[in-house]
Amino acid sequence: MTATYLVEVRDWGLHVRLQGSLSIDQRDAVARQVEVQCANLGSRGTPWSSLIEFDRFEIDDFRPEIVVALMKLARRCGQLRCAVVMTDWHWASVMADAMIAAGTDDQARIFVQAAGDAADALEEASADGMPAGDFAKMDSAMAWVLHGGVVPMVSKAA
């Protein structure tokens, strides 16, 4: 699988997509881009949201301190809520621990998808950035990004 990433600002906030096995250099590049975009979004002076997609994401040498620092930065820059879409329960648990450590578990939610369904839907996004095809759980993640609401967060306690 090809390792790719995307960091873009949308009208509703920040969209990040990580796919495959990214090198440490690639992950550092993503972190730098997220920092810059958080600052840009923060300068708008209005609350914003994030959608972070991990599609068949594989990671060696996970550095939770960087994830925690980025989550804290996003919060300081006006992030209202963040939906994290993943295809792996193990990584969902690790990400939940990072959210708890960052103190952002009140504004972030994790949505875990079956690997095949996520790959199909994430690869075919419509012009407005919404997922295509039959991807009901991704729709709930996007609804959380846009409107909030009550959805569970994955954690070791769950």
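These legends walk you through several close-up views of a predicted model.

**View 1. The whole chain, before we zoom in.**
Start with the parts list: the protein chain has five helices and five strands. Read from the N terminus, the elements go β-β-α-β-α-β-α-β-α-α. The chain has 158 residues, and 47% of them are buried. Take the contacts between residues at least 6 apart in sequence: 76% of these join residues at least 24 apart. As for the outside, the accessible surface is about 7800 Å², with 53% of that belonging to carbon and sulfur atoms.

**View 2. Helix α3 from end to end.**
Helix α3 covers residues 89–102, which makes 14 residues. From first C-alpha to last it reaches 20 Å, close to the 20 Å expected at 1.5 Å a residue. Look at the N-terminal end and you'll find Asp88 acting as a cap: one of its side-chain oxygens lies 2.8 Å from the backbone nitrogen of His90. After the helix comes Gly103, with a positive phi near 75°.

**View 3. What α3 packs against.**
Plenty of residues in this helix are buried, including Trp91, Val94, Met95, Met99 and Ala102. Ser93 is on the buried list too. Which elements do the buried residues of α3 pack against? They pack against two strands that flank the helix in the numbering, β4 (79–86) and β5 (108–112), and also against β3 (48–58) and α2 (64–76).

**View 4. Two rings meeting edge-to-face.**
The structure holds one aromatic pair. It is made by Phe62 and Trp91, whose ring centres are 5.4 Å apart; their planes sit at 65°, over the 60 degree cut-off, so the pair counts as edge-to-face. The partners come from distant parts of the chain, 29 residues apart: Phe62 is in the loop between β3 and α2, while Trp91 is in helix α3. Is each ring residue buried or partly exposed? Phe62 has 25% relative accessibility, so it counts as partly exposed. Trp91 has a relative accessible area of 18%, and that makes it buried, because the cut-off is under 20%.

**View 5. The largest nonpolar core, and a second one.**
In soluble globular proteins, nonpolar side chains tend to be buried together. Here the largest nonpolar core has 34 residues, and among those touching the most other members are Leu14, Val34, Met95 and Ile110. The elements giving two or more residues to this core include β2 (13–21) and α1 (24–44). Helix α3 gives the largest share, eight residues. There is also a second, separate core of eight residues, with Leu51, Phe111, Met142 and Val145 among them.

**View 6. Ala141, tucked into helix α5.**
Find Ala141 in helix α5, residues 136–147. Its relative accessible area is 0%, so Ala141 is buried. Leaving out residues up to four places away in sequence, Ala141 touches Ala83, Val85 and Phe111. Now look for Cys82: it is 59 residues from Ala141 in sequence, yet their C-alpha atoms are 9.0 Å apart in space.

**View 7. Thr104, a loop residue.**
Thr104 sits in the loop between α3 and β5. Buried or exposed? With 3% relative accessibility, Thr104 counts as buried. Setting aside neighbours within four places in sequence, Thr104 is in contact with Met71, Arg75 and Met99.

Conventions
Residues numbered from 1 in each chain as written. Predicted model: local features only at pLDDT ≥ 70, side-chain atom pairs only at ≥ 80, totals over all residues. Heavy atoms only, no water. Helix = DSSP H or I, 4+ residues; strand = E, 2+ residues; numbered from the N terminus. Expected span 1.5 Å × (residues − 1). Buried < 20%, exposed > 50% of the residue type's maximum accessible area, 1.4 Å probe, protein only. Contact = heavy atoms within 4.5 Å. Polar contact = N/O pair within 3.5 Å; in protein donor to acceptor, adjacent residues only side chain to side chain. Phe/Tyr/Trp six-rings, centres within 6.5 Å; stacked < 30°, edge-to-face > 60°. Core = buried A, V, L, I, M, F, W, Y, C linked by side-chain atoms within 4.5 Å. Areas by Shrake-Rupley, 256 points an atom, 1.4 Å probe, with all protein chains shown as cover.
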